[in-house]
Amino acid sequence: MYRSHTCGELRSENIGSTVTIAGWVQTIRDKGNLIWVDIRDRYGITQVVGQDTSSEESLKALKSLGREFVVQITGTVSARSAANPNIETGEIELLVEKVVVLNASLTPPFTIEDNTDGGEELRAQYRYLDLRRGPVQDKLRLRNKVNLETRKYLDSQDFLDVETPVLIKSTPEGARDFVVPSRMNEGQFYALPQSPQTFKQLLMVSGFDKYFQIVKCFRDEDLRADRQPEFTQIDCEMAFVEQDDILNMFEGMIQHLFREVRGVELDAKFPRMEYSEAMERYGSDKPDIRFGMEFVDLNPVAKGKGFSIFDDAEQVIAINAEQCAAYTRKQLDKLTDWVRRPQIGAKGLVYMRCNEDGTFKSSVDKFYSQEDLAAWAKTANAKPGDLILVLSGTTEGTRKQMNELRLHMGDELGLRNPNVFKPLWVVDFPLLEWDEESGRYNAMHHPFTSPKPEDLHLIDTEPGKVRANAYDLAMNGVELGGGSIRIHDRDLQSRMFDLLGFTKEEAEAQFGFLMSAFEYGAPPHGGLAFGLDRLVATMGGSESIRDYIAFPKNNSGRDVMIDAPSPLSSDQLTELGIALK
RNA sequence: GGUCUGGUAGUUCAGUUGGUUAGAAUAUCGCCCUGUCACGGCGAGGGUCGCGGGUUCGAGUCCCGUCCAGACCGCCA
């Protein structure tokens, strides 16, 4: 046995006993005749002290240590003369008796402390050292707990964990596939799954009416702070259910997770909002409803007064930033610059201050009388002291820009508290979206999503208006997950492929196995998948998922620690029958 | 594919209209210190200013190219 106790468990009750701990040297405070060494492991930090009553040998050994040495220390637990209330073991210390260096260490390239001096690049390169830091370990502990509680909940609801293959077949829909060459089938390739979508549907056909899996998915697309090329889904599917059954089941799961992991009681009933309403009120399919500042349609009161920018716009939208009338010209100019950045792309920003004396001051006073502006204020429900911000243009573009501005204002005004959690089901997504590039419709969710029966009659005349039995769970402006009721009818599925521009032959080649399965008694079914990384990051109050992944990739999709991806040897390429350009 | 920001000591950063020997903090090393816990004091070592080219009497600083990192747009059913 290397240790009798961990570095986190000794308390004043242990005073007098002789113990052995093992861990890493955190800090050394050498005062000459008195030396303290903090020893760290996963469980905490214990202070070891050497003094005049210690043996010369052990004192010498303590003085020879360096940061991050791995040591085994035996000593007597004693009370500190000056307790440290900031750490759990702060009432005791270990009077050193024996020091064994289990392994020396180079000086680490950055400090292994809660507030490290290391930059992101360096910490990524030495991720195994970064993972020694408390805050990083806490994040992985949080992930572990979410994972465990997910299994507990789904098990309690009779879900069955079934593994699905990772080497599957490439399909044209959706994201780019990661591809794996097959040596035994030269010239052919597997694809890594973007999700286990078709397999979980086949499991429904097989009769496993409640399936789940916490599973890696792979998408070869450009990355963001909240997107990794490999990420983890809580993937679920149920048979003999309607949309409500699914929403209720997983509302329960999210409530369970927040209760057990964070001690947070979420809304008893998550609000639901149609996609079209979310777009109108927030310009987003994943609105952050922790704060108001909802969109106001200014078309009726802003148009027709001779201001050509608004007159020519399809849509004029305002938001009311309450109590912001005191914004200075400089602040407003800064906001204007912000919305005009290429990433936002607004042409300009119109503002109107609602002065305390009941008058109005806008950047377009030339075109609008006080009465006109009073109508704006009334429409936006603005009170004296409020600030109205207005954007205009095409409906789609203006909504998108205003969504960004609203979130930006929410950040600036501190309205997006990471310890407040506001879930929202967004339902009735469109079935299809128009793709300019290919000049045809794409499935908005995926090609197995069922249209709403009442919209089926539009499918040939106005396919863009057909709504789907599809839903997302949004929380705090993040899409945590989504799903749909699936098509379980061969004819309808075949029609969908038709609509998506697949020929009969292509559909047969790509998804023949699924359509065949549907001919052998496929039950009505549906499901959803949560992004575990995003869920955990949201629960931890972060926007970046990288800290919640033990070994993440950087924004070029590289693992800078192991230096992947990397070239293959020509022997390997030959064996695979691959010639590089 | 694009936009923006950054790259200077082991690390995090500062570095003036282009001008003497490129600084600070921290880390490291040495000496001193009996109650520290961000220990303290004194001292020392430590630089391919990302890389390549150009302008100039002179470039960390200006210009061009390039590489790397981060955020974002496109993309991500």
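A residue counts as buried when its relative accessible area is under 20%. By that cut-off, 49% of the 581 residues of chain A are buried. The model is a predicted one.

**Whole chain**

Start with all of chain A in view. Its C-alpha atoms fill a box of roughly 90 × 75 × 55 Å along the principal axes. The chain has 16 helices and 22 strands. Colour it by domain: domain 1 covers 12-103, domain 2 is made of 141-166 + 193-272 + 424-548, and domain 3 covers 291-416. Place a marker at the C-alpha centre of domain 2 and another at that of domain 3; the two centres are 37 Å apart.

**Strand β4 and its two partners**

Select residues 70-79, which form strand β4. Eight of the ten residues of β4 are buried, so the strand is largely enclosed by the rest of the structure.

Add residues 18-30, strand β1, to the selection. β1 and β4 run antiparallel to each other and are joined by seven bridges. To find the register, show tryptophan 24, which stands opposite valine 70 in β4.

Now add residues 92-103, strand β5. Its pairing with β4 is also antiparallel, and it extends over ten bridges. Here the register can be read from glutamine 72, whose bridge partner in β5 is valine 100.

**The second largest pocket**

Next, select Arg40, Gly44, Ile45, Asp114 and Gly134. These are the residues closest to the centre of the second largest pocket, out of the 26 that line it. The volume of this pocket is about 620 Å³.

Show the elements that give two or more residues to its lining: β1, β2 (35-41), β3 (44-50) and α4 (134-156). Strand β1 thus comes up again, here as part of the pocket lining. Which element gives the largest share of the lining? It is α4, with five residues.

Colour the lining by residue class: six residues are nonpolar, eight polar and twelve charged.

**The five-stranded sheet**

Move to the open sheet of five strands, which are ordered β12-β13-β16-β14-β15 and pair in the antiparallel sense. Select β12 (296-297) and β15 (360-362) to mark the edges. Each of these two has a single partner strand, so one side of each is left without a neighbour in the sheet.

The partner to show beside β12 is β13, residues 315-321. The two strands are antiparallel and share two bridges. Display valine 296 together with alanine 318, its bridge partner in β13.

**Salt bridges**

Side chains of opposite charge can pair when their charged atoms come close. The structure holds 42 salt bridges, and a few of them are worth a stop.

Select helix α7, residues 275-282. Arginine 281 and glutamate 277 both lie in this helix, four residues apart, or about one turn. Their side chains form a salt bridge, with 2.5 Å between the closest N and O atoms. Are the two partners buried or exposed? Arginine 281 has 26% relative accessibility and counts as partly exposed; glutamate 277, at 31%, is partly exposed as well.

Then go to aspartate 288 and arginine 290. Their side chains meet in a salt bridge of 2.7 Å, N to O. In this case both residues are buried.

The next pair is lysine 465 and glutamate 462, whose salt bridge spans 3.3 Å, N to O. Lysine 465 has a relative accessible area of 54%, so it is exposed, while glutamate 462, at 36%, is partly exposed. From there, select Asp428, Lys452, Glu454, Asp455 and Arg467, which are joined into one network by salt bridges that share partners.

**A buried loop residue**

The last stop is isoleucine 459. It is placed in the loop between β19 (440-443) and β20 (470-475). Is this loop residue, isoleucine 459, buried or exposed? Its relative accessibility is 5%, so isoleucine 459 counts as buried. Finish by drawing the C-alpha to C-alpha distance from isoleucine 459 to leucine 432: the two are 27 residues apart in sequence and 10.0 Å apart in space.

Definitions and conventions: Residues are numbered from 1 along each chain as its sequence is written. Chains are lettered from A and ligands numbered from 1 in the order in which they are written. This is a predicted model: local features need pLDDT of at least 70, side-chain atom pairs count only at pLDDT 80 or more; totals for chains, interfaces and linings use all residues. Side-chain values use heavy atoms; hydrogens and water are left out. Buried means under 20% relative accessible area, exposed over 50%, partly exposed in between (1.4 Å probe, protein chains only). Two strands pair if DSSP finds at least two bridges between them. Domain bounds come from an automatic or database domain assignment. A salt bridge is a side-chain nitrogen of Lys or Arg within 4 Å of a carboxyl oxygen of Asp or Glu. On a 1 Å grid over the protein atoms alone, a cavity is a set of points where a 1.4 Å probe fits but cannot get out, and a pocket is an open set with protein on both sides within 12 Å along at least five of seven lines; lining residues have an atom within 4 Å of a point. Grid points are joined across faces, edges and corners, and a volume is the space filled by probe spheres set on the points. Ala, Val, Leu, Ile, Met, Phe, Trp, Tyr, Cys and Pro count as nonpolar, Asp, Glu, Lys and Arg as charged, and the others, Gly among them, as polar.
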